[in-house]
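Q: I am new to this structure and would like a close look at one part of it, taken slowly. Please walk me through the largest pocket and then through some other places that help me find my way around.

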Amino acid sequence: MRRKLLSGFAAALALASCQCPTHGGRDTIELVKALAADPGSPEHTLLAGNAKPSSSGDIYIIGTEEACTLISSRFADCDIVENARGRNWGDGLKDFAGETFACVLDDAFSPYQEYAAANGREALREHSVRLALASLSPRCNVSVYDLEGNYEKRPAKMLLLADPWMLDSGKFDIDTLFALTSCNVPVVSPQELLFNAALGGEKKYFNLGIACDSLYLQSGIYKSLFEAKAREFDVVGARCFQAASAGSAGTLAGFLDSYVAAGNTAPLDAVLIDDWNVDTDSLKVEISAIRDFNREEYMNYGKLISPGFTVFTSSAETLAYCYKILRQRSLFTHIIAQPRQCAYTIKTAPESSAGSFLMIPVENVQN
C-alpha cells in the first residue's frame with residue numbers, strides 16, 4: 001500500500017511539474033510533499049474540495065497591516081471596467097461590487113526578511129503555505145485561547161500575496177501544492193505580474209527601473225526576483241536599477257533624478273512601480289509632460305527614456321488581472337453592493353511548536 005501511495009505521489013509530482021512554472025529545477029518543501037502524498041489528511045481534503053472554488057468565498061490579501069489595508073482599499077475603490085461586458089472604461093459601478101476582501105494581517109511573523117534570516121528561507125516557505133491553508137479553511141480561531149479553531153468564516157476563493165518575500169519564498173510551493181491536490185483557487189502576486197508584464201510578453205524590456213518601498217530596497221529582494229524572471233523568460237542582457245518610490249506626484253521625475261545621481265545615462269526602456277500609493281492618473285500626466293519637449297522643466301528627462309518607454313505599476317496589473325480571472329472563472333458574487341472589507345490578525349500560538357499561529361478576527365482581539 002505504501003509503495004502504491006508513493007508511486008501515485010511521484011506521478012502527481014511529475015504531472016504538476018508540467019502544469020506549474022519551473023524555476024531552474026527548483027524542488028518544493030517537505031511539507032508540500034507530505035500533504036500531497038496523504039489524501040486522508042484534513043489539509044489534502046480541504047485542498048481537493050476547492051477543485052471548483054465557490055463564488056461566495058472571499059478574496060484574501062496576505063501580508064502586513066499597512067500593505068493589506070492599502071491594497072484592499074484600492075480594490076474597493078476600483079472602477080476601470082464596464083461591468084456588463086468587461087470593456088475598459090468605468091461605468092459608475094465598482095468593479096468588485098459585492099466582494100469581500102479579507103485582510104490577513106501577519107504582523108506577528110513579518111518583516112519576512114527578518115523572519116527568513118532568523119529561521120531560514122524554508123521556514124518562510126512553510127509559513128506561506130500554512131497561511132494559504134488557513135485562508136482556505138472555513139474555520140478560524142475565536143481568540144488566543146481557542147487552539148482548535150471553533151469560529152466559522154468564509155473561505156478564500158482567491159489569494160493575493162502582498163509581500164515580495166512571499167513570491168520569493170512561498171508562491172512556488174503554494175502553486176505546487178495546489179496543482180498536486182487539484183485545488184483551483186487562484187494565487188496572485190503583484191510583483192510577479194509586474195515582472196511578467198515587462199519580461200514575459202512579446203515585447204521585452206531590457207533596461208528596467210524598479211521603484212519600490214524603501215523598506216525593501218536594501219534587502220535585494222527585487223533584484224533577486226528580477227534575475228529569476230529574466231532566467232525564466234530567457235531574457236539575456238537585461239539589467240535593472242532600483243530606487244525608492246516617492247509614492248506621490250513627481251514619482252517618475254524623482255526616480256529619474258536618482259537614476260542620474262547613480263551615474264546612469266542609458267535611456268530606460270521601462271520603469272516598474274511596486275507602490276500602491278502611486279496615483280496612476282497623475283503618473284500618466286507626468287509621463288506626457290516628460291515627453292513634451294516644449295516643457296523646459298522636463299527637458300533633461302526626455303533623454304533618459306527610450307522612444308518605446310513604458311511604465312508598469314503593480315496596482316494596475318493586479319486589479320486588471322484579478323478582475324479578468326474572477327470573470328473568466330465565474331467567481332464574482334454578482335451581488336450589487338459596495339465592496340466589503342474584513343480582517344484577521346495572525347498571532348503566535350501559545351505553548352506550541354515553532355511557527356504555529358492562530359488566525360483571529362480583528363474584532364475579537366483584545367489589545
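A: What follows looks at the pocket, then at a pair of helices, and then at a single residue. Because this is a predicted model, the description rests on computed coordinates throughout. The largest pocket has a volume of about 630 Å³, and among the 21 residues that line this pocket, Glu-43, Arg-130, Leu-133, Ala-134 and Phe-357 are the closest to its centre. Several elements contribute to the lining, since at least two residues each are supplied by helix H3 (42-48), helix H6 (121-136), strand E3 (139-140) and strand E12 (357-361). Sorted by class, the lining holds eleven nonpolar, six polar and four charged residues.

Turning to the helices, helix H9 (residues 190-199) packs with helix H14 (residues 314-328) at an angle of about 100°, and their axes lie 8 Å apart; the two helices are therefore roughly perpendicular to each other. On the side of H9, the contact is made by Pro-190, Leu-193, Leu-194 and Ala-197, which meet Ser-314, Glu-317, Thr-318 and Tyr-321 in H14. This contact of H9 with H14 comprises five nonpolar residues, two polar ones and one charged one.

The single residue is Asp-58, which is placed in strand E1 (residues 58-63). With a relative accessible area of 3%, Asp-58 counts as buried, because that value falls under 20%. Leaving aside residues up to four places away in sequence, Asp-58 touches Thr-100, Ala-102 and Cys-342, together with Arg-154, Pro-155, Ala-156, Lys-157 and Met-158.

Key. Residues are numbered from 1 along each chain as its sequence is written. This is a predicted model: local features need pLDDT of at least 70, side-chain atom pairs count only at pLDDT 80 or more; totals for chains, interfaces and linings use all residues. Side-chain values use heavy atoms; hydrogens and water are left out. Helices (H or I, at least four residues) and strands (E, at least two) are DSSP runs, numbered from the N terminus. Buried means under 20% relative accessible area, exposed over 50%, partly exposed in between (1.4 Å probe, protein chains only). Contact means heavy atoms within 4.5 Å. Axes are lines fitted to C-alpha atoms, for helices over the stretch in contact, and angles run from 0 to 180 degrees between N-to-C directions. Angles under 35 degrees count as roughly parallel, over 145 as roughly antiparallel, 65 to 115 as roughly perpendicular and the rest as oblique. Ala, Val, Leu, Ile, Met, Phe, Trp, Tyr, Cys and Pro count as nonpolar, Asp, Glu, Lys and Arg as charged, and the others, Gly among them, as polar. On a 1 Å grid over the protein atoms alone, a cavity is a set of points where a 1.4 Å probe fits but cannot get out, and a pocket is an open set with protein on both sides within 12 Å along at least five of seven lines; lining residues have an atom within 4 Å of a point. Grid points are joined across faces, edges and corners, and a volume is the space filled by probe spheres set on the points.
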